[in-house]
Each structure stands twice: as C-alpha cells, then as structure tokens.
There are 2 protein chains.
Amino acid sequence: MLPHNTYRLASREPTWKGVYRNLRLAILNLEIAPDTRLNEVKLAAALGVSRTPLREALSRLEMDGLIGAAKGGGYIVTDPRENLADAYHLRAALEGYGVRLAAENISAGQIAQLRENVEANRRIELADTRGRAALNAEFHQILIMASRSPRLLQTYNNLREWIMTDEDMSLHSDESCRQFVHEHDLIVSALEMRDGDMADRVMRLHLRRARDLLLEGKGRAAAPADRELPAA
Amino acid sequence: MLPHNTYRLASREPTWKGVYRNLRLAILNLEIAPDTRLNEVKLAAALGVSRTPLREALSRLEMDGLIGAAKGGGYIVTDPRENLADAYHLRAALEGYGVRLAAENISAGQIAQLRENVEANRRIELADTRGRAALNAEFHQILIMASRSPRLLQTYNNLREWIMTDEDMSLHSDESCRQFVHEHDLIVSALEMRDGDMADRVMRLHLRRARDLLLEGKGRAAAPADRELPAA
DNA sequence: ACACTGAATACTGTATACAATACGATTCGA
DNA sequence: TCGAATCGTATTGTATACAGTATTCAGTGT
C-alpha cells in the first residue's frame, strides 16, 4: 500500500462528485444489480478512491432514493425500475404545480422560448431521438424555471436524469410524437391565457400518457445486470 | 487531547444524525445567523464531535437546501425565512397531488383514522399547541401515506420538519384553528367521495392559508417569493 | 435434530493525520 | 500611493487508522 499520497492533482472538482455521478449512472443503468448490499471497502477499492469520498457520495445517493439504508448500517441499492412509475408520480406533482405557478410568473420571453421549442419539435424528424429528447428536456426545463421556485427546480433536477433518458424517446411512434407535441402546444396556450388550472390538467394528462407508453414499451423485460461492477 | 477513544457507548443511532438534527433546528431557529460561513473544525469542536460525522450532516443539510455550497468549498447557511414561502410551494405540490392519488387509493381504515383525527382536533383545547401540532402532522402524514407513493412520502418527510414546527402552531388564533379543522374535514369528505379534484383544490387553499398566516405571524422577512422581479 | 450460546470475523461508524488549495497579508516595484 | 506578486496561514478535501457492533458459524446442551 502506498503511504497515502495517491492524490489526484489539478482536480477542480471534488472526487466524491465524480463518484456520485458514476454510481448514479451505474445504478440507473442496472450495472449494479438491485438489492445488492454495498460493501464500502470493496467499492472504494474498485473505484480507486478511499472510503471518505465514497461515503459522501453514498450519503447523497440515499437522499436521492437510489440506495436505501440497510439494517445494521450500510446501504442497499434499490431497483430503479420498480420506482419508475412512482417517480412519474413525483414528477407529475412537481410539474403540475409547477405550471400552475408558471401561469402566474412566466415572462413573455419564456413563452417565446416555449413557442420556439414547440415549433422545432414539429419540424424535427422522428429518427432523431437524441434531438427530440433534448427538445423535450428543454421544454420541461423552461416550464419549471418559469415557476420561479428554486425548490421545485432543485427537486425536479434530481429526478430528471432518472426518468428522462434518451432511449425512452425511441419508443415513441410517429403518431404519439405528434400527440405529445400537440399537448406541449396546449400547455403553452394555457400559459399564455394564464390559465394555471388548465395547464395543470393538461400536464398531468401529458405525463400520464408518457408514463404509460414508457412502462408498456419497457415491459417488464429489461435485462437485469449482465455486466457487473463488484457484485459483492 | 484524548487519544481517540471518546466514543459514545451504547448509541444505537449514528452520531451524525444527532448532529444533523441539532444543526437543522439551530438553522431553522436562527440560532446560527444566515450567510454565516461554517468552519468545520470549530463547529466540530463546538459540537464535541469530529469532522467526519459533521461533514456527513452538512452534506445532508445541503441537499435539504438549508446550507449552500460556498465558493472554494465549504458551506454557507441560507436564510430559512427566505425559502419558507418557497418550501410551502413544494409542499403544496406534493400534498395536492398526494390527495389526488389518495382519492384513488385510500382505504376505509385510513378514512376512519382521518375522521378520528379531525374529531380529536375539534375537541382539543387551543392552548395545547404541542398536541395540535401532533394532530396536524398526523393528519397530513396519513394523507401522504394514503397516496401509496413512497417517493412522495420520502420527499414530504424531508420537508416536514422544516415547515411544521411546534411553535408555528402558537400563531393560530381560535378562529383560524376552527377554520383549519373545517378544511381538514372538507378534505376527508372529498376523499370519501373519491373526488381527487376537489381534495386537491381544498388542500392547495388550505396550505396557502397556513403559509400566509405563518409568514404574517413571523413578521420579519415576510417578503413573498411569489412576486419576484420578472427575471429575464 | 434443533435451539441456544459463544467467539471469531467482517464491516460500518468515528477519529485523526496529511495534502492541497484558496485567501489574505506583506513587501517590493513602478 | 497604488498595484501586483509572492509567501504564509487557515480551511477544506482525502486517506487511513481504530473502535464498536452486527453477523455468522461452530460447538454444546437439551
């Protein structure tokens, strides 16, 4: 063992942050099998860091709900698929109330941005899933920011990477895409009319449809964890 | 300096959790001035713990939004009063959508529990602020649990201690108390009728009234985060 | 054969030591 | 006198050593 000077020089970003991102993605991509109990020393060794920044990352992953506290200490990774439908509920709560607030607070510039986004979404080709995902993410991002609630934004951001993956977009058919764009359009119109109630209703419907399509598309298939990290 | 065996024996609960609670309360009660930069070594010394569990606590406080990252590392305590109105927005989002789900999923037993709670709240004396706070917390807790969404429950629990302090109850007048109980009663009725729409509406109104009363009562820094400058 | 008890073990929680950076003060130069 | 650069200090980020508890497995008794 080296003394303890295995420092990473010239790192502007804390180590634990990178660890956090890596683990987060690993869990969401099922590279770490659900229900596995995380062994801190082995994980730290596998990631090439000490236990301290690892624990910092784990602490935050727990607050994100991606891992849960095990009895007798330590953590157990949760199954992100099980919680997917549930996560959409949280999303609907945030965005539904978010557009309600947005109807009161949105600026003319933001409405213009939304209109532009919808137009771009109309013109984009079906095959460009990555572009569609970006547009979709942007749309909802603008909405949440228009609510002018930092807390809502923060909570939403925690969820975003979880539920909005690029691959999800590949499931959409040409028709459902048009329908989604239409719903986006409806929401913007509701906001223009400052009708928070309508915006909320359409948003909930929109998300519900998106969720159903997603769950149906993914089915229950989803190959669990073939390539592993330390399965431990 | 003691060697390093200043251990707290027979502690079933991690040290950092107590630190977390203490700091949380200290910040919410303004015992630590907002905008203070937290010095880890001094804080650790003051609390009688080492930096490790302290940092664990700080990490979570940051995710709660009670402290923010400072430039060049470290943390700065945020002003809980500034974020209080905003926190109520998040709460309204969670509980509004929560009762909507509850209208679909609530069990007969839970409805009975709610009725009982409302009855107890009718009979309780005004002076018993602690009891009223407990009843109020229980009411909303049951509702969120009735939504059968673990994620909603978790997010709500993070918020609960923040916005529902015992002292807040002392602000209520006899009349506003009766009004609040009446609103609780309305919500339960809406749930009995499985009218999620109405439950949502009443809940949002209920929380909005509670928030206004709270901000007005606390007086200072009652600046509503609602009407901010139309930024960009 | 099963249950209960005990020690060994493995792993988490905590403390402390060390490295590196960011900030401030002081000094030198223009 | 003001500005810039450099050194010193203070504070965070990381690594590791240590203490304590939970789990597991072996052994014995009923």
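A salt bridge here is a side-chain nitrogen of Lys or Arg within 4 Å of a carboxyl oxygen of Asp or Glu. With that in hand, take B:E62 and A:R60, whose side chains meet in just such a bridge at 2.0 Å, N to O. This pair crosses between chains, running from helix α3 of chain B to helix α3 of chain A; helices are DSSP runs (H or I, at least four residues), numbered from the N terminus.

A word on what you're looking at: this is a predicted model, where local features need pLDDT of at least 70 and side-chain atom pairs count only at pLDDT 80 or more, while totals for chains, interfaces and linings use all residues. Residues are numbered from 1 along each chain as its sequence is written, chains are lettered from A in the order in which they are written, and side-chain values use heavy atoms, with hydrogens and water left out.

Back to the salt bridges. The structure holds 41 of them over all chains, and four lie across the interface of chain A and chain B. B:E56 also pairs with A:R55, with the closest N and O atoms 3.7 Å apart.

Now step back to the whole interface. On the chain A side, 34 residues are in contact (heavy atoms within 4.5 Å) with 36 residues of chain B. The two chains bury about 3100 Å² between them, 49% of it on carbon and sulfur atoms; buried area is the accessible area (1.4 Å probe) that two parts lose on being put together, summed over both. In chain A, the residues that lose the most area to chain B are A:M63, A:Y97 and A:R151, together 23% of what that side buries.

Finally, look for enclosed space. A cavity is a set of points on a 1 Å grid over the protein atoms alone where a 1.4 Å probe fits but cannot get out, and lining residues have an atom within 4 Å of a point. There are five cavities of 30 Å³ or more, and the largest has about 280 Å³ of space, volume being the space filled by probe spheres set on the points, which are joined across faces, edges and corners. Its lining has 18 residues, with A:M63, A:T155, A:N158, B:T155 and B:N158 nearest the centre. Helices α3 (51-64) and α7 (150-163) of both chain A and chain B each supply at least two lining residues, and α7(B) gives the largest share, six residues.

Key: On a 1 Å grid over the protein atoms alone, a cavity is a set of points where a 1.4 Å probe fits but cannot get out, and a pocket is an open set with protein on both sides within 12 Å along at least five of seven lines; lining residues have an atom within 4 Å of a point.
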